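Subject: Structure handover

Hi,

Here is the structure you asked about. My notes follow below it.

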Amino acid sequence: MAQIDALDIVVLALLLVGSVAYFTKGTYWGVPKDPYASSYANGSAAKAGKTRNILEKMDESGKNCVVFYGSQTGTAEDYASRLAKEGSSRFGLKTMVADLEDYDYENLDEFPADKIAFFVLATYGEGEPTDNAVEFYEFINGESPAFSKGEEEKPLGNLKYVTFGLGNNTYEHYNSMVRRVDAALRKFGADRIGAAGEGDDGAGTMEEDFLAWKEPMWEALTEKMGLEEREAVYEPVFSVEEKPELSADDDTVYLGEPNKNHLEGKQKGPYNAHNPYIAPIAESKELFTVKDRNCLHMEIDVSGSNITYTTGDHVAIWPTNAGVEVDRFIRVLGLEEKRHRVINVKPIEVTAKVPFPTPTTYDAVVRYHMEICGPVSRQFVSTLAAFAPNEKAKAEMTKLGTDADYFKSKISSQYLNIAQVLHSVCPDQPWSAVPFSCLIEGINKIQPRYYSISSSSYVQPKKISITAVVESIRIPGATHIVKGVTTNYLLALKQKQHGDPHPDPHGLTYAITGPRNKYDGIHVPVHVRHSNFKLPSDSAKPIIMVGPGTGVAPFRGFVQERAEQAKRGEKVGPTILFYGCRRRDEDWLYKDEWDSFKAVLGENLTIFNAFSRESPGKKVYVQHLMKQNAKLINDLLTKKSNFYVCGDAAHMAREVSDMLAEIIADERGVDLKKGEEVVKNMRSSGAYQEDVWS
């Protein structure tokens, strides 16, 4: 018998270890990967080691329903999650939620006929796809998308799909994203189930539009796919485990840091919607001269970050929830005694994604990651009814969840947040039976707020200016005042910078030094989002700008840039600004600066001011001044002037567009329909640009 020497034993041992490693995939010694480390920590959307083949992913995880989302502010993502959860709990579908930017789409022509795809798509800006949906949109709307099977007349003949769009009717291209995608899918032979749903944020009916659409959609889908409805019960997507062996002081515990680099005290780019730069505020000041209203000017220093911007871009501010609202939420949900306990949150469902890094604490999640002051969903109220402290509260929550008119009168018209709703329904007992996983699933992740940059990158490439009115809205009949989360946070930072040791804007308190005091020294988390709202490349080209109130922000940057170009000897064309505010001695933004710009630009800068509260009788707005200067506007348009509008989309922007069409019709002697057509063509060519909000 052959003898086994030492080398043979070593080789056999290595083979054994290798076999175990292969067949167990490292189960016995593997450390779970932190999704907020490595590439994701630096903001990359690509998840290392994850497949971009959606069919492969569905097969691996045993799914027969995928809900794709294209989301800019988180609402579409929330609706996608809700549809996936309802499809699973009510109809037994094996659902997964998918970010459109995480997958490729060439193999949609191989989508199995016994599976279903949902597309929940928000329209951003002037009919544009959201940032995470750009590649999908360009692929599906291309002249001849390169599907994997090659040339076929109807390559998507097996694809069954459902669509819901999120839009705003104050924009010209209302819900254009979902409409164009729906048309493209149908062109390629896909079979839509039910109606293409559309929600309207402009009319304030988004939630009710969604709820009204989904019931007949489920009926159509049930019939088409032979589904059976069952009683829906709450099934958690995440497990929440308290970790008594860990303390909030441990350096492995996230206390609001967005990713591992920030946890370790390191800043590393690229900086984007996943990874903010903690930027110092170099300067801050009050622009209004009245005591009951605030408008802030801030200079944010991005030197050393490699962040770049161009004039007309947007800066994102990452907010922190106000302390008073965090305390209310913690108290109402019965979390006071354990607010600083460490928890680990993991997905129970394999395709689910925890929306924040863990381990963390209850307090950190509520303060830095949940949109606790956002609008309340009627569907979420229905879910919470099962966890009410008593039968009376359960009955009230059930009524609120099922009666749209009652919900509107009691909740949405009063702009109550979720803690206020729960307290109003049951003020005497805490809602301690609500699983924290249910709150993570039902409350949106807090989103960065975007502001038009009010400086020129040509003049100050390393400092970003913002101009923001501090929101404080009194609701008729309500006992509370709605406070803007982010603008009051900025006001607290401004107060601290100007020497207030305990800033408390409008009765709110903020943890302005950030997690582990990482924002101390007056810092704020930011990133830049690039915009198509741009000056013409030829500085000699005329421009007309309409921007009342803080709508003047990007135009300060435009004029600042043109003044600098003139100083450097470049030719600058006519620069016209229509600006409006209440009174010249109260809220005339950048009054002194306009004079200095005028000194440089001379007759090439003309500013028309509408002071709406100074004229007796009828108020004067920017559109009235446009009418008075119709000939000038038309003359400049015939010289290929660009036309810009910034500000309120619901009223001002629409009225300005209508006025421009009227001016063109009157000055050119054509009918109004022709004037409207000219404006439409200006939009299409980029000569008419808007930076507006609802």
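S89 is buried, because its relative accessible area is 11% and the cut-off for buried is under 20%. Keep in mind that this is a predicted model. S89 is found in helix α4. Setting aside neighbours within four places in sequence, S89 contacts R230, E231, A232, V233 and E235.

Helix α4 (75-91) turns up again in the packing around α11. The buried residues of α11 pack against α4, α7 (206-225), α12, α13 (404-410), α14 (418-425) and α15 (436-442). How many of the eight residues of α11 are buried? Six are, so α11 is largely enclosed by the rest of the structure. The buried ones are R378, Q379, F380, V381, L384 and A385.

Now the pair α11 and α12. Two packed helices are described by the angle between their axes and the distance between the axes. Helix α11 covers residues 378-385, and helix α12 covers residues 391-402. Their axes come within 8 Å and cross at roughly 155°. That makes α11 roughly antiparallel to α12, since angles over 145 degrees count as such. The crossing of the two is left-handed.

Which residues meet there? From α11 they are R378, V381, S382, L384 and A385. From α12 they are K394, M397, T398, L400, G401 and T402. By class, this contact has five nonpolar, four polar and two charged residues. On the spacing: an α-helix has 3.6 residues a turn, so residues three or four places apart point the same way.

Next, E561. This residue lies in helix α17 (residues 553-567). Is E561 buried or exposed? Its relative accessible area is 12%, so E561 is buried. Beyond its neighbours within four places in sequence, E561 is in contact with T311, S456, S457, Y458, V459 and L535. Take S456 from that list. S456 and E561 are 105 residues apart along the chain, yet their C-alpha atoms are separated by 5.4 Å.

Two sets of annotated positions remain. Both come from an unreviewed UniProt entry.

The first "binding site" set in UniProt lists R449, Y450, Y451, S452, T467, A468, V469, G484, V485, T486, T487 and W693. I looked at Y450, which sits in strand β14 (residues 449-452). Y450 counts as partly exposed because its relative accessibility is 24%. Not counting residues up to four places away in sequence, Y450 touches H314, V315, A316, H527 and R529.

In the second set, UniProt places "binding site" at R293, T550, S612, R613, K619, V620, Y621, V622, Q623 and E655. These positions span 363 residues in sequence, and the farthest two C-alpha atoms are 25.9 Å apart, so they do not all gather at one spot.

I checked two members of that set.

- K619 lies in the loop between β21 (605-611) and α19 (622-628). At 36% relative accessibility, K619 is partly exposed. Leaving out neighbours within four places in sequence, K619 contacts S612, R613 and H624. S612 and R613 are also in the UniProt list.
- E655 lies in helix α21 (residues 649-668). With 37% relative accessibility, E655 counts as partly exposed.

Best wishes

Terms used: Residues numbered from 1 in each chain as written. Predicted model: local features only at pLDDT ≥ 70, side-chain atom pairs only at ≥ 80, totals over all residues. Heavy atoms only, no water. Axes fitted to C-alpha atoms, helices over the stretch in contact; angles between N-to-C directions. Helix = DSSP H or I, 4+ residues; strand = E, 2+ residues; numbered from the N terminus. Parallel < 35°, antiparallel > 145°, perpendicular 65-115°, else oblique. Left-handed = near helix turned anticlockwise from the far one by under 90°. Contact = heavy atoms within 4.5 Å. Nonpolar A, V, L, I, M, F, W, Y, C, P; charged D, E, K, R; others polar. UniProt positions renumbered as here; feature names shortened; annotations may be inferred. Buried < 20%, exposed > 50% of the residue type's maximum accessible area, 1.4 Å probe, protein only.
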